[in-house]
Every structure is written in structure tokens, then in C-alpha cells.
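Here are a few notes to read alongside the structure, written for someone seeing it for the first time. They deal with charged pairs and then with cysteines.

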Amino acid sequence: MVSKLGEMLVKAQLITDGQLDEVMKIQRREGGKLGSIVVRAGFCSDQDIVSFLGMQYGVPAADLEQWPPIDASVIALIPKDLAQRHKVLPLQRTGNVLTLAMSDPTDIFAMDDVRFHTGYNVDPVVSSEMGLVRAVEKYYGGNSAIRLADGSTARSTQGGGAGVGPAGANPAEPFSEEDEHFDLAELEQELDADAEYDPAEEEEDSVNVGSLRKGSEDAPVVKLVNMVLIDAIKRGASDIHIEPYEKTYRIRFRIDGILQEVMRPNLKLKDPLTSRVKILAKLNIAERRLPQDGRIKLRVNMGGKQKVIDYRVSILPTLFGEKIVLRLLDSDKLMLDLTKLGFEPESLVRWDRQISKPYGMVLVTGPTGSGKTNTLYSSVAKLNTPDTNIMTAEDPVEFNFPGINQVQMKEQIGLNFAAALRSFLRQDPNIILVGEIRDFETAEIAIKASLTGHLVLSTLHTNDAPSTINRLMNMGVEPFLVATSVNIICAQRLVRRLCAQCKTVDTHVHPEEALYKVGFTPEEVQRGITFYKPVGCEVCNKRGYKGRVGLYEVLEMSETLKDMILTGASAIELREQGQKEGMITLRRSGCRKVLDGVTTIEEIIRETVL
């Protein structure tokens, strides 16, 4: 490419053959880009180089000397150290596309790094190297390094400052000063990422443990894993997905319940990265055929405040390698105030009434990631008083609470929910929390405990509150035991909350018939509904949504419902009776959130059915 540019300059009579030879000698001796050397030597101007670079690479050219002033919010998308390393400059943002001035628009590693930091797609334009250096100095100032908990620094990414250091007996390695200069291009070059990758070379039955361990301890791999862990915290992610496929390798974050791709490392990083995560989680790096579960603890310094973040690690063998999912457990994000979770006032009154009873069973249902644990913890926190003995059986124990006796399940040694419940009954408990009722044995012991003077709280995986009754009976629990033990059932979902800073009124006219089908009442439609839509701003990171709110369907057991259970009523019949008695369904809970301007119709349709 360099010689091609030189030939183009000679052909255009901007430099002579002799000048090109002179420039080539300097380049061989000192390195650097040919265009920059030509300008430094005074053979032609920056503007000439820019126009020829555009012709050479086949992309638009940008003369930064003539470019209009760049908005400060666009400059803030990329930290100074990244702009200096890659010699890039953000020029403008249109929707989800960031126009990026580059000295080498074929540098896919630089584009990947920018895409990872900003979350935007990159549209490259070419500019001269010297012009970029001057523009970066013009628009950037100060130091973008992040101060870490242990006093070292790491480079900034979009989102607020955060640092990582060791915590307890299972630390991630603290960042060193050189981490400030990390970039994906250097990492992949150090690991020979350009070499052709052949999945057939992998031998499942022959694992070189020494090679795996050595690869996982390479400085670039350590820096990449640390960077992913810290960036997930700063973006507010709840999960990290690291997924290998036949010809690609990707990393996704789940933010506000939605998975977003943030990075596509080279396939050569697959084994070293997986081994690094396994070492941090104290797992067996040689075992690649069976699922493994572990935990990583990091000490984080955010806003001058230190806290410990837990990552729950799950590793699953797939067709093309091991998929890694890390669940972030941040105690500061745990909302323990029942009034702020999203309960409708009448539903909260029913819930408070039943969890305050001295005995009986309280059930929370919903899919994984619907906030069941948060609801249970909030309820237990409200009941946690000095005169109450609370025992919990959890798999895993996600958050620690003073005054509550929490037990971690260990299936490999026979400590499961059923075994823990039997032991709890000899520990003089008042309240028992069972992480999940998975089988008949656990259900039977939990029900018997609720019938003998204990308040039992637990979770099930069902679609709604009424179907929980049928689920228990399908496990083998007798109808009379269900009718006499269950006090209340709460089904829940989580939907994204509109950003309060940028949401705007949706002027689109919704047909009345469509609104009836969504679940709004004729009275609400006739009265008029103000709908809001997401826009996107700096506060919500351009997504239009920030945080989530719960939708709750609370079914309180009445005498009529208990009689219906004894006579074998279906879930549909129980639902109808529950609605007659004032139960708010998940869809109606969502409609009320829309009426309050908290979320959108699209969100409630995505998570609920009518």
C-alpha cells in the first residue's frame, strides 16, 4: 500500500522519483507512514496526502484543518489515550453510526477497539497522520486514566470511572501502569492472531495443561479479561456472555435485560481467555467436556467508594468450544424497599399482609432473570428483626445479610434443598427461605414446614400465578396440602424503564381497537392516554431506557380459591376467579406502568401475554 501511494504521488507529479527513493530510505531506517514522511520532508502538503489517501483506500477523505468544529459530546465518546494510540478522531454521530477519522481505514483492530468502547458502528474516513495528531492535541486535554483500588491505573472507557483490585482469597490480578496502553490490536498481534485458525486442530481428548496455563497468564490476555470485567460494571451489565462459534468469537453484555454485542475477539483468543476465567474462578482448566460453575470476586473503586463485586461463573461445553456466562452480583444494586420495586398499591397491601403471617407458604414465580430473588430478599429484609430466626437455603447465596442464617447448597456432597430443609426444622426457625422448589421431595418438606408453624418463602418457574397451583400438583403434591399451605403467589417480570431525562411524548395515533387488544380498558381509551417513547441521551447511554421496573401478578388465596383447588379447578378457572377478587394480571400491571409513563407498550408486549 505504501509503494502504491508513492507511485500515485509520482504519477501526479507531486514528488519526483528521486524524492520517493529518499522517502523510502527514511521509512526503512526509521519506520512510519510514507505519507507522513513526505509531508515532514516538505515534498507536498497535508491536503495533497489526504486526497490521495482517499483514492488509495476507496473511502471519503477528511481534511481536519477545514473540518467544522466537532461537538464535545462526540469527542467524549473516545478517550484521549485510545485516540492517540490508534491515531483516530470521532467526527460526528448519526444514530448508531460514528464517523471516525483514521490514518489507516483498513485497521480493523482500531475499529474494533472503538466499537467496543462506544457501542456504535464505525464509518471510517481517511485523514493524514500528522493532521490527526494535531487534531487530537487540539480537542483532547487532561488525563483519561482511571485510578484503581490498588493505586495503579487503567484506561478509561465510556461510562464512569471504576477500578479493579484483589478481593479476599480469590482476586483478579490488579492492573499495572502498562494497562493504560492496552489495545486490542497489540493483544492479537502478541498472540499471533493473524495466523489462520483451524478448528480441526483441536483435540478434545488431548489437553496440554501447561500450554493452557501459560497462554492464560500472558499479559495481553490478563488485560483483556480485566477490561471486559470492568467495562461490564461501568455499563451496568447484569451478565457477560463469551461465546465461541465455528468462525467467530463474540462477547455480549446483558444491559437492562437486553443482550448487546460489544466485542468480537479473534478465535485465537478462545482458549487463553477461557483458561484465564477458569483460573480466576478456581476451576479445572484441563476439563473441557463437562459444565463447571465457580465464582470470581473483584474489589472495585467507583466514585471513591470501594466495594466487592461477585461474578457467578458458568462454563458450558458447546459444539465449538466452551461458552462462558458471568452473572454480576452487585449488592449496591439490590433494591430492598418493596414500595420501590413496582408493586401496585393494592397488590403490595396483599403481599405485606401475607408475609406478615406466622405460618404458611409464600411463592414467587417467573423465568430466570425476572427479579424473583430481589423480591424474596426484600421480603425477608422487612421481616428480619432481632426476635426472628430466619434460615435460607440458596444455590448460590447471592448476597450476604447480617442477622440471617444463609446456607449454600452443595449437590456434590448431598447438601441439596431437601437435606437443608430437614436440618432447618431442627434449628428452631421462624422463617425459612428456600431458593427454589425443584422436585417433589423439596415441595413436600416445604409444605409440611408451612403447616407446622413456619413461614416458608420460595420460588418456582411458572408463567403466571394461577398455573403455580397446577405445577405443585404435577410434582405430586396433594390438592388438600396445596389449598391449606399456600398463602399467596406472586408472578413477576421485568421491563425496561424509560429514561426520565430524555423520554418524550409519542404523537403516533394508536387505533382504539389495537389499544383494547393490548389490554387497556374502554374507560382509559376514551379518557385519553399519553404515551411516551425512548429518545436517548448521555444519561441512558443513548438507549432511551435506564433501569428496569417490575410487573407483578399477586394471587392471594381466598376460601373460594381454596375450594376450587380441592375440586380440581384449572388454571384458567383460578385466573378468572382471581380477577373477580381483584387480582391484577401481569399485562394489566404493564398497562398501568404505561399509563404512568414508566415504560412503553412495546416493552409490556415483549414480556407479557393478554
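1. Start with arginine 252 and glutamate 243: their side chains meet in a salt bridge, with 2.7 Å from N to O. Have a look at where the two sit, too, as both arginine 252 and glutamate 243 are buried. Keep in mind that this is a predicted model, so treat the distances as belonging to that prediction.

2. Next, find glutamate 398 and arginine 312, whose side chains form a salt bridge at 2.8 Å, N to O. Which parts of the chain does this pair tie together? Glutamate 398 is in the loop between strand E14 (390-394) and strand E15 (405-408), while arginine 312 belongs to strand E11 (residues 305-318), so the bridge links parts that are 86 residues apart in sequence. On exposure, the partners fall into two classes: glutamate 398 is buried, at a relative accessible area of 14%, and arginine 312 is partly exposed, at 26%.

3. Then there's the salt bridge between the side chains of aspartate 464 and arginine 575, again given as N to O, at 2.8 Å. Aspartate 464 sits in the loop between strand E17 (455-460) and helix H17 (466-474), and arginine 575 is in helix H22 (residues 571-580), so here the parts tied together are 111 residues apart in sequence. Aspartate 464 counts as buried, with 16% relative accessibility, whereas arginine 575 comes out as partly exposed, with 21%.

4. Back to the pair from the opening point, since arginine 252 and glutamate 243 have company. Salt bridges with shared partners join Glu243, Arg250, Arg252, Glu261, Arg264 and Lys323 into one network. Across the model, the count comes to 30 salt bridges.

5. Now the cysteines. How many disulfides does the model have? The count is zero. Cysteine 537 is a good one to check: the nearest cysteine sulfur belongs to cysteine 502 and is 3.7 Å away. A disulfide needs the two sulfur atoms within 2.5 Å, so that pair doesn't qualify. Cysteine 537 is also buried, at 16% relative accessibility.

6. Cysteine 540 is worth a look as well. It is in no disulfide, and its nearest cysteine sulfur is likewise that of cysteine 502, this time 3.8 Å away. Is cysteine 540 buried or exposed? At 1% relative accessibility, cysteine 540 counts as buried.

Notes:
Residues are numbered from 1 along each chain as its sequence is written. This is a predicted model: local features need pLDDT of at least 70, side-chain atom pairs count only at pLDDT 80 or more; totals for chains, interfaces and linings use all residues. Side-chain values use heavy atoms; hydrogens and water are left out. A salt bridge is a side-chain nitrogen of Lys or Arg within 4 Å of a carboxyl oxygen of Asp or Glu. Buried means under 20% relative accessible area, exposed over 50%, partly exposed in between (1.4 Å probe, protein chains only). Helices (H or I, at least four residues) and strands (E, at least two) are DSSP runs, numbered from the N terminus.
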